[in-house]
Amino acid sequence: MANEVVLLDFWPSPFGMRVRIALAEKEVKYEYRDENLRDKSELLLKMNPVHKKIPVLIHNNKPVCESLIIVEYIDEVWSDKYPLLPSHPYERARARFWADFVEKKTYTTGRNIWSTKGTEQEAAIKEFIDHLKLLEQELGDKPYFGGDKFGYVDLIFIPFYSWFYAYETLGNFKIEESCPKIIEWAKRCMERESVAKTLPNHEKVYLEIKKVYGL
Ligand code: GS8
């Protein structure tokens with residue numbers, strides 16, 4: 001079967017970065033299309049008519065939407081290269097639990113940091129740090145969430161590292177002071193080629209967030 005792969009994405013999107021890292025780990029060749037989210041392409045509206053959001057992976061003309069689902073799809077289709085999810089059902093369930101935690105908590109609470117002020121912002125920062133501390137606890141003394149090797153949870157979480165500078169600058173706090181192990185982990189992940197070549201410059205992300213949210 002021919003493998004025609006197109007990715008509809010937007011460069012600062014942590015959701016899109018997940019898919020780019022997964023495709024890099026699997027050494028899949030694909031066409032990258034950067035969307036203008038204020039003027040979405042016909043293709044995006046056709047391929048993701050329900051949410052109308054990026055990322056969308058189009059594999060042999062068939063769309064797959066939602067980053068967590070896309071990454072699992074990639075892992076199953078290109079199963080011969082670098083498995084991302086653990087093979088044991090229990091470990092797989094645990095990995096999905098923490099990916100879901102990152103999904104439901106980190107992005108949402110992170111956004112509250114720049115959409116609030118004063119005591120509300122202090123509370124948002126505390127909540128954000130509390131979530132990172134739970135992740136730090138789950139990491140424990142392991143080099144990666146995946147254990148000895150970079151895996152699914154690492155891949156799902158690491159794109160947010162490129163947003164840390166924006167969180168810190170807009171909230172005037174330092175993540176490393178409360179969660180040094182998370183920063184160590186992130187730097188370790190950055191040594192991986194798939195991550196290093198995917199994550200954009202943090203100042204560029206910060207400027208884009210300021211622009212998008214009118215800050
Ligand atoms: C989130 C995708 C998303 O929010 C996933 O793929 O995991 N749960 C989804 N995409 C945003 C850009 S990144 O902030 C998007 O496409 N927004 C366009 C819009 O809301 O109109």
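1. Let's start with K52, since it turns up more than once below. With a relative accessible area of 37%, K52 counts as partly exposed. This is a predicted model, and in it K52 sits in the loop between α2 and β3. The backbone deserves a look too: phi of K52 is near 55 degrees, a positive value in a residue that isn't glycine.

2. Stay in that loop for a moment. P55 has its place between α2 and β3 as well, and the peptide bond joining I54 and P55 is cis, with omega at about 0 degrees. If you're checking backbone torsions, put this bond on your list along with the phi of K52.

3. Which residues make up the patch of positive charge on the surface? They are K40, K52, K53 and R111. K40 comes from the loop between β2 (31-34) and α2 (42-47). At a relative accessible area of 31%, K40 falls in the partly exposed class, as does K52 at 37%.

4. There is another non-glycine residue with a positive phi: N172, at about 55 degrees. N172 belongs to the loop between α7 (161-171) and α8 (175-178). Its relative accessible area is 71%, so N172 is exposed.

5. Now the salt bridges, of which the structure holds 13. One of them brings together the side chains of D9 and R20, with N to O at 2.7 Å. It links distant parts of the chain, D9 being in strand β1 (residues 5-9) and R20 in helix α1 (residues 14-25), 11 residues apart. Are these two partners buried or exposed? D9 is buried, at 0% relative accessible area, and R20 also counts as buried, at 11%. The cut-off behind that call is under 20%.

6. E31 and R33 give a salt bridge in another setting. Their side chains meet at 2.7 Å, N to O. Here E31 is partly exposed, with a relative accessible area of 39%, and R33 is partly exposed too, at 34%.

7. The bridge between K181 and D141 has its N to O distance at 3.2 Å. What does this pair tie together? K181 is in helix α9 (residues 180-190) while D141 is in the loop between α5 and α6, so the contact ties together parts that are 40 residues apart in sequence. As for accessibility, K181 counts as partly exposed at 32%, whereas D141 is exposed at 76%.

8. On to the aromatics: the structure holds 21 aromatic pairs. Take Y144 and F150, for example. Their ring centres are 6.2 Å apart and the planes stand at 90 degrees, so this pair is edge-to-face. Both Y144 and F150 are buried.

9. F145 and F157 make another edge-to-face pair, because their planes are at 70 degrees, with the centres 6.0 Å apart. The class asks for an angle over 60 degrees. F145 lies in the loop between α5 (118-139) and α6 (152-157), and F157 is in helix α6, so the pair ties together parts that are 12 residues apart in sequence. Both ends are covered: F145 counts as buried at 9% relative accessibility, and F157 is buried at 1%.

10. Ring pairs also build a cluster, and its members are F15, Y107, W114, F128, F160, Y161, W163, F164, Y167, F173 and Y213. Y213 is worth following further. It lies in the segment after α11 (202-212), and it is partly exposed, with a relative accessible area of 35%.

11. Y213 has a second role in this list, as part of a nonpolar patch on the surface together with V212 and L215. How much accessible area do V212, Y213 and L215 have together? About 250 Å². So Y213 belongs both to the ring cluster and to this patch, and its partly exposed class at 35% is above the 30% that patch members need.

12. A last point, on N61. This residue is in the loop between β3 (56-59) and β4 (62-65), and N61 is exposed, with a relative accessible area of 59%. How far is N61 from A196? The two are 135 residues apart in sequence and 29 Å apart in space, C-alpha to C-alpha.

Key:
Residues numbered from 1 in each chain as written. Predicted model: local features only at pLDDT ≥ 70, side-chain atom pairs only at ≥ 80, totals over all residues. Heavy atoms only, no water. Patch = residues over 30% accessible without salt bridge, like charges linked within 9 Å, V, L, I, M, F, W, Y side chains within 5 Å. Areas by Shrake-Rupley, 256 points an atom, 1.4 Å probe, with all protein chains shown as cover. Salt bridge = Lys/Arg side-chain N within 4 Å of Asp/Glu carboxyl O. Lys, Arg positive; Asp, Glu negative; His and termini not counted. Charge placed at Lys NZ, Arg CZ, Asp CG, Glu CD. Helix = DSSP H or I, 4+ residues; strand = E, 2+ residues; numbered from the N terminus. Buried < 20%, exposed > 50% of the residue type's maximum accessible area, 1.4 Å probe, protein only. Phe/Tyr/Trp six-rings, centres within 6.5 Å; stacked < 30°, edge-to-face > 60°.
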